[in-house]
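Subject: Structure handover

Hello,

I am passing this structure on to you, and my notes on it follow below. Please read them with the model open.

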Amino acid sequence: MNLSPDSLILDPFAGSGVIGTGCQSAHLRFFGIEAHPLVAELANLKLRPAPGPPTELRNEATRIADIVRTKAVATKRRIERLQSTETDLVVRSFTGPVLAELTALRDEIKQGSRVKWEPYLRWALLATLRDVAAVKVGWPYQRPAAARKPIHSDPISRFLVRVHWISEDIAIRSDADAGLSRVVAGDSRNPDTWSLEEQLGQGCISSPPYLNNFDYADATRLELYFWGYASSWAEMCATVRVDMVTATTQQSSAPAAQAAVQQLLQVGTFGDHLTSLIAALKDERAARPRGKEYDQVLPDYFAAMAQVLKNLAAALEPDALSIWLIGDSAPYGVYVDTPALIGKLAEEYGFTVEKDVTMRKRGARWAQNQTRHNIELTERAMLFRRT
Ligand SMILES: C[S@@+](CC[C@H](N)C(=O)[O-])C[C@H]1O[C@@H](n2cnc3c(N)ncnc32)[C@H](O)[C@@H]1O
């Protein structure tokens with residue numbers, strides 16, 4: 001890309017802001033959109049100037065940790081009470097004493113911390129949860145029925161370590177560059193979310209959710225329930241998942257799929273490419289007693305990608321380059337060449353496909369699963385140029 005210090009890079013699936021922090025290090029401007037409201041907040045914390053010197057954050061964390069240690073919160077009575085006041089997922093994820101200390105830290109941060117440092121302390125504590133859980137809570141699945149030895153045993157010390165890491169990040173960041181970046185919480189399918197204001201983008205680097213990979217709201221359920229952002233599946237869907245692209249069967253619905261097929265049939269020959277894949281997936285579903293609705297995910301997913309590419313085309317200068325990192329997939333063994341299909345859509349919305357590069361093989365960790373297909377999956381970098 002031909003970039004200068006003023007150039008603006010876009011990311012319609014900004015996540016926790018890895019592309020944003022990279023742009024910041026390269027002294028470029030950055031505009032991202034992220035549908036998960038908490039993840040968008042996290043990205044902004046990493047990108048925006050900190051509200052004070054990092055020593056202040058460390059002092060605040062130490063003060064809170066001291067209060068919780070002094071209170072000796074892991075009493076039998078408190079632990080018993082937590083069994084009924086916390087959600088089932090949270091109760092089952094920790095031993096009683098660990099849960100008592102985690103919730104005491106949480107309550108102290110919510111009520112007693114200096115407001116300006118609250119988000120930093122909150123994220124340090126949320127990041128501590130999976131470190132001290134006594135069940136399998138790897139990424140993305142949380143399995144409260146599968147016990148494990150916690151990676152770290154003392155939640156308060158671990159919280160302080162996490163705060164220390166955040167304070168180190170703040171210390172090395174240049175606030176001069178921090179003002180040039182932002183992430184909007186919202187849906188990149190919606191043109192109104194692309195509030196670029198001052199200029200068009202000179203480039204885009206992004207990685208959309210992969211088809212048939214995982215549900216980003218569900219993957220953060222432990223953190224959402226622990227902090228009280230949601231306390232049930234329905235609430236989580238309504239508050240956190242509402243703006244997300246459908247990429248899994250859990251998120252799919254028949255009416256949304258039908259509307260998406262109609263939309264895609266208007267997009268050049270793209271609908272024809274998709275129809276045969278949808279039919280194959282429908283057959284696979286019908287051949288199983290409780291088959292999954294991959295045939296409904298597919299149209300909804302590609303209709304979303306079409307909308308985002310359309311918005312992206314309108315937000316980029318002529319000739320601007322976009323790099324999208326995308327994985328392919330093979331639900332029920334039906335190969336879906338997602339990167340190539342997104343490339344076809346990009347061509348419909350004012351891009352040319354310049355390169356399609358395999359970055360790595362993936363899916364190997366499921367190789368032992370007898371019921372899984374043996375199609376080799378990859379992750380590819382697609383390079384598009386705005387015409
Ligand atoms: C593969 S991840 C991107 C990871 C990112 N590069 C990072 O640094 O963390 C895809 C992201 O797209 C987000 N997403 C899903 N649907 C979206 C939508 N409609 N608009 C904006 N972001 C969305 C997900 O929440 C997820 O964070």
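One definition first: a residue counts as buried under 20% relative accessible area, as exposed over 50%, and as partly exposed in between. Asn-212 is at 30% relative accessibility, so it counts as partly exposed. Please keep in mind that this is a predicted model.

Backbone and loops

Asn-212 sits in the loop that runs between β6 and α10 (221-227). Its phi is near 60 degrees, which is a positive value in a residue other than glycine. As background, most residues other than glycine have a negative phi. Ala-72 is another case: its phi is positive, at about 45 degrees, although Ala-72 is not a glycine. This alanine is located in the loop between α3 (54-71) and α4 (76-85). Ala-72 has a relative accessible area of 52%, and because the limit for exposed is over 50%, it is exposed.

The loop between β6 and α10 also holds Ala-219. Is Ala-219 buried or exposed? It is buried, with a relative accessible area of 1%.

The ligand

There are 21 residues around the ligand, and those that come nearest are Ser-16, Glu-34, Asp-187, Ser-188 and Asp-243. By type, this shell divides into eleven nonpolar, six polar and four charged residues.

Which backbone atoms lie close to ligand atoms, and at what distances? Three cases are listed here:

- Ser-16: a backbone N or O atom is 3.0 Å from an oxygen atom of the ligand.
- Ala-35: a backbone N or O atom is 3.1 Å from a nitrogen atom of the ligand.
- Ser-188: a polar backbone atom is 3.0 Å from a nitrogen atom of the ligand.

On its own the ligand has 610 Å² of accessible area, and the protein covers 89% of that.

Aromatic rings

A pair of aromatic rings is described by the distance of the centres and the angle of the planes. The count comes to eight aromatic pairs. In one of them, the rings of Trp-117 and Tyr-120 have centres 5.2 Å apart and planes at 65 degrees. Planes over 60 degrees apart count as edge-to-face, so that is the label for this pair. Both partners are buried: Trp-117 has a relative accessible area of 0%, and Tyr-120 has one of 6%.

Elsewhere, one aromatic cluster is formed by Phe-13, Trp-324, Phe-351 and Phe-384.

Two arginines are placed over rings. The charged end of Arg-122 sits over the ring of Trp-227, at 5.8 Å from its centre. Arg-288 lies over the face of Tyr-332, and here the distance to the ring centre is 3.6 Å.

A glutamine in a strand

Gln-202 belongs to strand β6, which spans residues 201-206. The relative accessible area of Gln-202 is 17%; this is under 20%, so the residue is buried. What does the side chain of Gln-202 make a polar contact with? Its partner is the side chain of Glu-317, at 3.0 Å. In addition, a polar atom of the Gln-202 side chain lies 2.7 Å from the backbone nitrogen of Leu-8.

Distances in sequence and in space

Three pairs set separation along the chain beside separation in space, in each case from C-alpha to C-alpha.

Ala-219, the buried loop residue, is 81 residues from Gly-138 in sequence and 9.4 Å from it in space.

Arg-77 is in helix α4, and at 72% relative accessibility it counts as exposed. How far apart are Arg-77 and Thr-193 in space? They are 48 Å apart, with their positions 116 residues apart in sequence.

Ala-26 is found in the loop between α1 (18-25) and β2 (29-34). At 43% relative accessibility Ala-26 counts as partly exposed. Ala-26 and Thr-128 are 102 residues apart in sequence and 30 Å apart in space.

That is the end of my notes.

Regards

Note on methods
Residues are numbered from 1 along each chain as its sequence is written. This is a predicted model: local features need pLDDT of at least 70, side-chain atom pairs count only at pLDDT 80 or more; totals for chains, interfaces and linings use all residues. Side-chain values use heavy atoms; hydrogens and water are left out. A residue is near a molecule or strand if one of its heavy atoms lies within 4 Å of it. A polar contact is a pair of N or O atoms within 3.5 Å; within protein, one must be able to donate a hydrogen and the other to accept it, and residues adjacent in sequence count only if both atoms are side-chain atoms. Accessible areas come from the Shrake-Rupley method with a 1.4 Å probe; for residues, only the protein chains shown count as cover. Ala, Val, Leu, Ile, Met, Phe, Trp, Tyr, Cys and Pro count as nonpolar, Asp, Glu, Lys and Arg as charged, and the others, Gly among them, as polar. Rings of Phe, Tyr and Trp (its six-membered ring) pair if their centres lie within 6.5 Å; planes under 30 degrees apart count as stacked, over 60 as edge-to-face and the rest as tilted. Buried means under 20% relative accessible area, exposed over 50%, partly exposed in between (1.4 Å probe, protein chains only). A charge sits over a ring if NZ of Lys or CZ of Arg is within 6 Å of the ring centre and within 35 degrees of the ring normal. Helices (H or I, at least four residues) and strands (E, at least two) are DSSP runs, numbered from the N terminus.
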